[in-house]
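This report describes two ligand sites and two sheets. Please keep the sequence and the coordinates open while reading.

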Amino acid sequence: MTYKKLFEPLNLGFTSIKNRVIMGSMHTGLEESENGFERMAAYFSERARGGVGMIITGGIGPNEEAALGSAMLSNDSEAAQHRTVTEAVHAADPDVKICMQILHTGPLAYNEKLVAPSAIKSRIAPFVPNELDADGVQKQINDHVRCAKLAKQAGYDGVEIIGSAGYLISTFLVEKTNKRTDEYGGSYENRMRFALEIVQKIRAAVGDEFIVIFRIAAMDMLQGGMSWDEVVQLAQGLEKAGVNIISTHFTWHESAVPTIATMVPRAAFSQVTGRIRQNVNVPMITSNRINMPHVAEEVLQRGDADLVSMARPMLADAELVNKAREGREDEINTCIGCNQACLDHSFAGKSVSCLVNPRACHETLLSYEKTSSPKNIAVVGAGPAGMAYATVAAERGHKVTLYDAANEIGGQFNLAKQIPGKEEFYETLRYYGRMIEKLGINLQLNTRADADMLAAAGYDNIIIATGINPRTPDLEGIDHPMVMSYIDAIRGNKPVGKKVAILGAGGIGFDVSELISHKGVSAAMDIDVFAREWGVDFDNHPRGGVTGVDPITAIADREIFLMQRKETPVGRGLGKTTGWTHRMALGRRGVKMLNGIEYVRIDDDGLHIMRENKPELLPVDTIIVCAGQDPARELYDAGQAQGLPVERVGGAYEAAELDAKAAINQACHMAAQI
Ligand code: FAD
Ligand code: NAP
Ligand code: SF4
């Protein structure tokens with residue numbers, strides 16, 4: 001594709017940004033890790049070499065009460081540490097800009113010193129914040145200014161001030177979190193004062209030749225949130241106060257509309273940035289679910305923004321921009337919006353990485369160096385584990401033959417991609433398909449490998465990536481014709497009736513429920529459908545974009561019972577940042593989620609269960625088994641019996657707790673070492 005806009009420099013007067021792609025801010029936990037600054041230096045400079053125009057770091061707190069973790073910039077010695085990062089990025093490419101995000105978490109801080117305009121606890125926070133007094137307000141403003149000055153001293157090209165998401169500055173702006181009666185509360189002019197004074201004072205302190213970006217909540221997705229007029233007024237106020245760029249964010253963390261999950265259509269929110277852009281004269285950044293260069297180009301060509309922020313896509317592929325420039329888009333390892341290794345890890349306090357790229361944030365710990373002793377390797381199974389192993393081993397210089405019994409690569413991803421809302425999984429299959437071709441891997445489809453053929457070929461190493469066998473519960477009547485596996489249900493091998501019991505409410509039980517309760521176009525593929533399902537009014541922009549808008553979801557054509565034996569709430573094991581969206585979506589379609597169920601037997605009348613110690617009959621006509629999986633280790637056992645050099649990876653190694661994140665991660669680590 002030719003990119004008319006993506007590679008145009010953006011002139012800011014005193015400096016310019018070499019192209020229109022920004023790596024958006026993400027908290028990775030590196031900020032607080034051992035050797036964190038060295039690791040961040042490697043992580044960011046890899047992205048700088050990858051072609052991005054400007055990098056925004058993860059959020060750094062201006063003081064103790066503000067910090068997200070312990071990452072703070074409040075004195076000279078902390079500034080000296082940040083130099084490790086800025087120098088590495090500028091050494092990697094002197095034309096790449098790096099700005100530090102100043103993040104004051106306000107009422108979302110995880111410490112008891114937390115502060116806010118009013119003592120109002122956020123729905124998602126553990127503590128009630130301390131209300132700032134008049135001196136406290138000035139202290140917070142001054143600490144932001146000190147932080148910006150120190151960022152300049154540390155060699156950053158600018159700062160981004162976050163004024164969205166439910167963090168401190170945004171809670172001044174919104175009436176329901178700001179009940180102050182002084183000059184920082186009451187009228188909207190007063191509520192904006194905190195944000196505007198921070199910008200004015202930062203500008204005065206850092207001079208004109210330092211990039212100041214402010215991130216606003218362009219649509220905060222809060223009932224009673226900011227109105228359209230307030231958003232525009234804020235943007236215009238920020239322009240006057242001296243920002244160089246306005247960045248748009250959508251949602252507060254506590255809102256009930258998904259804005260970055262994979263079921264959100266690509267670039268769904270950029271239209272809102274576009275409308276604000278018509279009211280200001282500074283460049284604007286848009287973001288959210290822009291994961292491929294052609295999507296970014298379309299956003300720019302529509303005039304929705306001057307710059308496009310891609311955050312998670314830069315975890316998935318550090319070289320995304322170079323690949324676009326060189327016409328190698330088919331080699332981009334695309335972010336699938338799953339949140340599994342990035343945001344879910346961040347919220348759980350685990351080290352952040354990427355499901356499709358385990359090297360992300362682990363650049364100094366996991367490297368794919370060329371081997372000095374190439375081996376002849378067979379990889380059996382072209383699911384996520386096998387594809388990852390084969391491509392990393394081949395990239396390192398090994399000779400690889402990849403077998404799969406099926407007529408296509410991908411393993412279970414070929415089931416996952418058929419679930420409405422998981423269309424991005426096609427991208428991972430496209431990426432691996434291209435890499436298999438590019439790296440010269442000998443791909444043998446329609447080939448069920450056995451121990452004899454592997455022995456005859458004389459491989460140095462044999463990697464068994466044969467995946468899983470679906471588990472069949474030991475239950476009277478499980479052979480009844482109304483019973484089918486999730487594989488048959490997803491592939492459409494057997495007809496699914498009108499009254500369905502799903503045994504097992506893990507990730508696959510939820511996905512099957514999604515598939516069979518769904519009607520019409522997938523929301524992920526159509527912004528209007530998405531807006532209707534989640535109650536967002538893009539056209540009229542009521543307060544928060546959602547106030548007074550009822551979600552409209554078609555009730556499923558079938559009666560569906562999604563069940564588990566555990567007493568815990570159904571769906572508790574799903575991803576921390578996405579599980580609620582699945583529970584909410586299925587609930588709105590009328591799917592009944594039952595926990596604490598004992599399965600008794602299946603017969604012509606349906607499924608007999610015990611619920612709350614009482615026998616019950618669910619008169620269903622279809623039962624879909626989603627009861628977990630066991631390793632498919634038959635080939636491994638046969639290979640071992642013959643003394644072949646076999647090793648297992650992915651589901652073939654361990655099926656419990658196994659997902660694609662674990663499978664790819666394990667495979668990449670093993671292949672990096674062989
Ligand atoms: P598999 O994907 O099962 O691949 C094994 C491959 O081996 C298969 O292609 C098979 O044909 C081949 N094979 C087996 N025996 C032989 C043989 N003898 N010779 C040749 N080939 C052989 N995970 C996530 O992390 N996130 C998700 O959102 C997600 N969604 C999912 C949705 C669905 C509907 C399903 C079914 C799974 C989902 N998963 C998800 C799980 C994820 O797909 C699996 O964890 C992952 O595919 C396991 O990878 P694997 O390579 O170990 O095994
Ligand atoms: P899973 O998440 O382990 O769930 C298995 C379900 O089956 C559980 O609800 C379990 O609950 C039930 N179960 C287990 N043994 C049973 C038995 N003998 N009889 C009846 N029920 C039984 O596994 P999965 O749903 O098969 O998913 C496989 C992997 O893919 C998981 O790691 C999952 O995370 C991943 N995946 C992820 C996503 C995602 O969106 N992130 C989507 C799909 C799949 P009880 O024991 O309480 O009944
Ligand atoms: Fe994207 Fe998933 Fe990787 Fe996060 S873990 S960057 S959402 S592919």
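## Surroundings of ligand 1

Ligand 1 has 34 residues around it, and Q340, D404, K422, G651 and A660 come nearest. The model is a predicted one, and every distance below is computed from it.

The polar contacts of ligand 1 include two with side chains. An N or O atom in the side chain of Q340 lies 2.7 Å from a nitrogen atom of ligand 1, and an N or O atom in the side chain of D404 lies 2.6 Å from an oxygen atom of the ligand. The backbone takes part too: a polar backbone atom of A449 is 3.0 Å from a nitrogen atom of ligand 1. On its own, ligand 1 exposes 1,000 Å², of which the protein buries 90%.

## Make-up of the ligand 1 shell

By residue class, the shell around ligand 1 holds 18 nonpolar, ten polar and six charged residues. Several helices contribute to this shell: α12 (384-395), α13 (413-416), α16 (486-491), α17 and α21 (660-673) supply at least two residues each.

## Surroundings of ligand 2

Around ligand 2 there are 21 residues, with A505, I508, R565, K566 and L658 coming nearest. Which helix gives the largest share of this shell? It is α17, with three residues. The shell around ligand 2 divides into seven nonpolar, seven polar and seven charged residues.

Backbone atoms make polar contacts with oxygen atoms of ligand 2 at several positions. A polar backbone atom of L658 is 2.5 Å from an oxygen atom of ligand 2, and a backbone N or O atom of A505 is 2.8 Å from an oxygen atom of the ligand. For G507, the distance between a polar backbone atom and an oxygen atom of ligand 2 is 3.3 Å. Ligand 2 has 900 Å² of accessible area on its own, and the protein covers 76% of it.

## The sheet from β18 to β21

Five strands form an open sheet in the order β18-β25-β19-β20-β21, and their pairing is parallel. At the edges stand β18 (483-485) and β21 (592-594); each has a single partner strand, so one side of each is left without a neighbour in the sheet. From one strand to the next, the twist averages 20°.

Within this sheet, three bridges pair β20 (residues 559-563) with β21 in the parallel sense. M563 has L594 in β21 as its bridge partner. Helix α17 (residues 507-517) packs on the sheet and touches β19 (499-503), β20, β21 and β25 (622-625). The direction of α17 makes about 175° with that of β20. Helix α17 thus links this part of the report to the ligands: α17 supplies at least two residues of the shell around ligand 1 and three residues of the shell around ligand 2.

## The sheet from β15 to β27

A further open sheet has five strands with parallel pairing, in the order β15-β14-β13-β16-β27. Why is one side of β15 and of β27 left without a neighbour in the sheet? β15 (442-444) and β27 (646-648) stand at the edges and each has a single partner strand, so no neighbour in the sheet lies on the other side. The twist from one strand to the next averages 20°.

The partner of β27 is β16 (residues 461-464), which runs parallel to β27 and is joined to it by three bridges. In this pair, I462 stands opposite V646 of β27.

Key: Residues are numbered from 1 along each chain as its sequence is written. Chains are lettered from A and ligands numbered from 1 in the order in which they are written. This is a predicted model: local features need pLDDT of at least 70, side-chain atom pairs count only at pLDDT 80 or more; totals for chains, interfaces and linings use all residues. Side-chain values use heavy atoms; hydrogens and water are left out. Two strands pair if DSSP finds at least two bridges between them. Helices (H or I, at least four residues) and strands (E, at least two) are DSSP runs, numbered from the N terminus. Axes are lines fitted to C-alpha atoms, for helices over the stretch in contact, and angles run from 0 to 180 degrees between N-to-C directions. Contact means heavy atoms within 4.5 Å. A residue is near a molecule or strand if one of its heavy atoms lies within 4 Å of it. A polar contact is a pair of N or O atoms within 3.5 Å; within protein, one must be able to donate a hydrogen and the other to accept it, and residues adjacent in sequence count only if both atoms are side-chain atoms. Accessible areas come from the Shrake-Rupley method with a 1.4 Å probe; for residues, only the protein chains shown count as cover. Ala, Val, Leu, Ile, Met, Phe, Trp, Tyr, Cys and Pro count as nonpolar, Asp, Glu, Lys and Arg as charged, and the others, Gly among them, as polar.
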